[in-house]
Each structure stands twice: as C-alpha cells, then as structure tokens.
Amino acid sequence: MSTWGYIRVSSKDQNEDRQIIEIEPLVTTKDHLIIEKISGKDFNRPKYQSMKNLMNDNDTLVIKSLDRLGRNYEAIKEEWQDFKKRNIHVRVLDMPLLNNENKDDLTANLINDVVLELLSYVAESERKNTKQRQKEGIKAAKDKGVKFGRPSVELPDNWNSVIKDWKAGKITAKQAMELTNTKRTSFYKLIKNKWI
C-alpha cells in the first residue's frame, strides 16, 4: 500500500509550490510525487498515465483539489470509477467529503457520488467559461486593431532583381538570402507566397 501524490498546473509559468507543500509529506517517497505542467482538458498526460500504471490495489492517490485531476466532467467521473474498480483510494485535500476509501459505507458512497458529480460539473464549467472569456478577449483586441501571431514578412527592396538572378541560376539560394537579408524560413515563405 503506497500513497501517491499528483500535482498539475496548466502552464509552465504557473507555480506548483502550494500543492507540493501540502502533498509531499503524505506520499510514500519523493518518487511517488508526480508533477505535471499540462492542461487538464483530458487524461492523455504522460506522467499521469505512467503513475496510474504503477499504482497497485489499495494504493492511495492524493490530490489538492478535483480540478487538479482534470477539467472534463465525463472524463473525471470515468477516472474516479476506474480507481474504484481497481481498489485505489482517492483523497481530495480541499474536499474531505470526496474520499472513496470506505467503499462499504452506502451513505458515504452516495455523498461521494453527489459531490463528485457537482465538482466535476463545476470544473468543466470553469474551463468552458475560461475559453469563452479568452475568445471574447481576443475578439475585443482584434476589434481594436491588435494583431496576433508573427509579424508579416516585408518584401525586401532588391527582391525582384535578386530572385531573377536566383531563378536564372546565377546565384544560390543562400546567396539570395544574404543579398535580401532574409532568413531561410522568411525567404521560402516569400517564395511560396509567389513574390516572384
């Protein structure tokens, strides 16, 4: 019987220290503390899947909150059921009611199921609301003239004459890049966009 800890943050600039402080003292060894910086939209996460494969009957998984496990309503429920079938206990530190360790207690199971349904729904709703706010923010920025992505490549003044020499075989592509002061990617992007 081992205790595992799973810590997840959605992006590389988010800090996982708060989760580590609470979970690290509870795990069997430091090797049992899995930290992943990846979206919670689904369970296709390499470290998470690896941890799951290493877990055995009667092991315990500790997470800080349900949304650290995932943010997809149906997938969270399926994952929870899979843990129950495999006799793996799950402890959610921020929600002590959400604990599947005592599976013979009918009342505890009922409360567990209701709380899981509610929190899974909330986790997915938050993800959808965040995506909607992002979409609205991007639209508002575009409406104000903000440009996203890389700036477009400017056509060099000497482009036509240099490309004419390149097409005629008088110079190499490398020489054409040097003469037009373009990088390889920009050079071929201009070629592709038929600036010749």
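Phe187 is buried in this predicted model, its relative accessible area being 0%. The ring of Phe187 takes part in an edge-to-face pair with that of Tyr188, because the two planes stand at 85 degrees, above the 60 degrees required. The centres of these two rings are 5.1 Å apart. Tyr188 has a relative accessible area of 33% and is therefore partly exposed, this value lying between the limits of 20% and 50%.

Aromatic pairing was evaluated over the model, and five aromatic pairs were counted. Among them is the pair of Trp166 and Phe187, whose ring centres are separated by 5.6 Å. The planes of Trp166 and Phe187 meet at 80 degrees, so this pair is also assigned as edge-to-face. Distant parts of the chain are linked by this contact: Trp166 belongs to helix H6 (residues 159-167) and Phe187 to helix H8 (residues 184-192), with their positions 21 residues apart in numbering. Trp166 is partly exposed, at a relative accessible area of 23%, whereas Phe187 falls under the 20% limit and is therefore buried. Together with Trp159, the residues Trp166, Phe187 and Tyr188 make up one aromatic cluster.

Contacts between charged groups and aromatic rings were also examined. The charged end of Arg45 is placed over the ring of Tyr48, at 5.3 Å from the ring centre. A further case involves Lys52, whose charged end lies over the ring of Phe83 at 5.5 Å from the centre of that ring.

Methods: Residues are numbered from 1 along each chain as its sequence is written. This is a predicted model: local features need pLDDT of at least 70, side-chain atom pairs count only at pLDDT 80 or more; totals for chains, interfaces and linings use all residues. Side-chain values use heavy atoms; hydrogens and water are left out. Rings of Phe, Tyr and Trp (its six-membered ring) pair if their centres lie within 6.5 Å; planes under 30 degrees apart count as stacked, over 60 as edge-to-face and the rest as tilted. Helices (H or I, at least four residues) and strands (E, at least two) are DSSP runs, numbered from the N terminus. Buried means under 20% relative accessible area, exposed over 50%, partly exposed in between (1.4 Å probe, protein chains only). A charge sits over a ring if NZ of Lys or CZ of Arg is within 6 Å of the ring centre and within 35 degrees of the ring normal.
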